[in-house]
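Hi everyone, thanks for coming. I'd like to walk you through one model today, so let me put it on the screen.

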Amino acid sequence: MSHPAQALALAGVAVPELPEKLFFSIREVSDICGVEPHVLRYWETEFKHLKPVKKGGNRRFYRQRDVYVVLQIKHLLYDMNFTIRGAKKRLLDGDLSKVVEQQDAQQALKSIRQELALVADLLTS
């Protein structure tokens with residue numbers, strides 16, 4: 001597993017095994033990542049990290065690096081509930097370990113809330 005794939009896996013993202021290809025079509029990336037092609041095209045305008053190669057007829061060809069960027073953006077927006085602005089800022093930091101730490105912190109906070117609720121129940125009974 002490559003470095004970006006390992007970082008994504010640590011962040012809790014299901015990372016599919018990518019075929020050994022240089023380029024992927026927008027439909028292939030859409031299928032791999034579970035994101036519609038029009039969403040991918042929109043993300044290209046919003047995230048400077050996502051720059052597929054454009055060839056004849058304005059056709060897009062994504063590299064493996066681009067597929068990992070799409071997975072990261074999807075994770076930030078859909079799983080972590082970041083806004084587009086927040087996801088852009090996080091991508092500019094360039095470090096997925098902060099996302100992993102934030103996810104761990106969210107889990108810890110949920111656990112603390114549950115324990116406090118149990119304590120409150122004990123005190124009121």
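Let me start with a question: is Arg63 buried, partly exposed or exposed? Arg63 has a relative accessibility of 28%, so it counts as partly exposed. Keep that residue in mind, as I'll come back to its partners. One reminder before we go on: this is a predicted model, so please take everything I say in that light.

First, the overall layout. The protein chain contains 6 helices and 3 strands. If you follow the sequence from start to end, the elements come in the pattern α-β-α-α-β-β-α-α-α. Of the 125 residues in the chain, 34% are buried. As for the contacts with a separation of 6 or more, 54% of them are between residues 24 or more positions apart. The chain exposes about 8100 Å², and 55% of that comes from carbon and sulfur atoms.

Now to the sheet. How are the 3 strands ordered? The order is β1-β3-β2, in an open sheet with antiparallel pairing. That leaves β1, at 24–25, and β2, at 53–55, as the edge strands, each of them pairing on one side only. Strand β3 covers residues 59–62, and 2 bridges join it to β1, the two running antiparallel. If you want a spot to zoom in on, look at Ser25, which stands opposite Phe61 in β3.

Next, the charged pairs. A search through the whole structure turns up 6 salt bridges, and I'll show you a few of them.

Here is Arg63 again. Its side chain meets that of Asp66 in a salt bridge, at 3.3 Å from N to O. The two partners sit in contrasting surroundings: Arg63 is partly exposed, whereas Asp66 is buried, because its relative accessibility is 0% and the cut-off for buried is under 20%. This pair also belongs to a network of salt bridges that links Arg63, Arg65 and Asp66.

Moving on to the helices, which residue does Lys88 pair with? Lys88 forms a salt bridge with Glu46, and their closest N and O atoms are 3.0 Å apart. Lys88 belongs to helix α5 (residues 84–93) and Glu46 to helix α3 (residues 37–46), so this pair ties together parts that are 42 residues apart in sequence. Both ends count as partly exposed: Lys88 has 31% relative accessibility, and Glu46 has 24%.

The next one is Glu28 with Lys21, a salt bridge whose closest N and O atoms are 2.5 Å apart. Here too, Glu28 is partly exposed at 29% relative accessibility, and Lys21 is partly exposed with a relative accessible area of 32%.

Last stop, the nonpolar surface. Which residues make the nonpolar surface patch? Leu109, Ile112 and Leu116 do, and the patch comes to about 290 Å². Ile112 lies in helix α6, which spans residues 96–124. Why can Ile112 be part of such a patch? Its relative accessibility is 44%, so it counts as partly exposed, and a patch residue needs over 30% relative accessible area.

To recap, we have seen an open sheet of 3 strands, a salt bridge between Lys88 and Glu46 that ties helix α5 to helix α3, and a nonpolar patch that includes Ile112. Thanks for listening, and I'm happy to rotate the model to any of these spots.

How values were computed
Residues are numbered from 1 along each chain as its sequence is written. This is a predicted model: local features need pLDDT of at least 70, side-chain atom pairs count only at pLDDT 80 or more; totals for chains, interfaces and linings use all residues. Side-chain values use heavy atoms; hydrogens and water are left out. Helices (H or I, at least four residues) and strands (E, at least two) are DSSP runs, numbered from the N terminus. Buried means under 20% relative accessible area, exposed over 50%, partly exposed in between (1.4 Å probe, protein chains only). Contact means heavy atoms within 4.5 Å. Accessible areas come from the Shrake-Rupley method with a 1.4 Å probe; for residues, only the protein chains shown count as cover. Patches are made of residues with over 30% relative accessible area and no salt bridge: like charges are joined within 9 Å, nonpolar side chains (Val, Leu, Ile, Met, Phe, Trp, Tyr) within 5 Å. A salt bridge is a side-chain nitrogen of Lys or Arg within 4 Å of a carboxyl oxygen of Asp or Glu. Two strands pair if DSSP finds at least two bridges between them.
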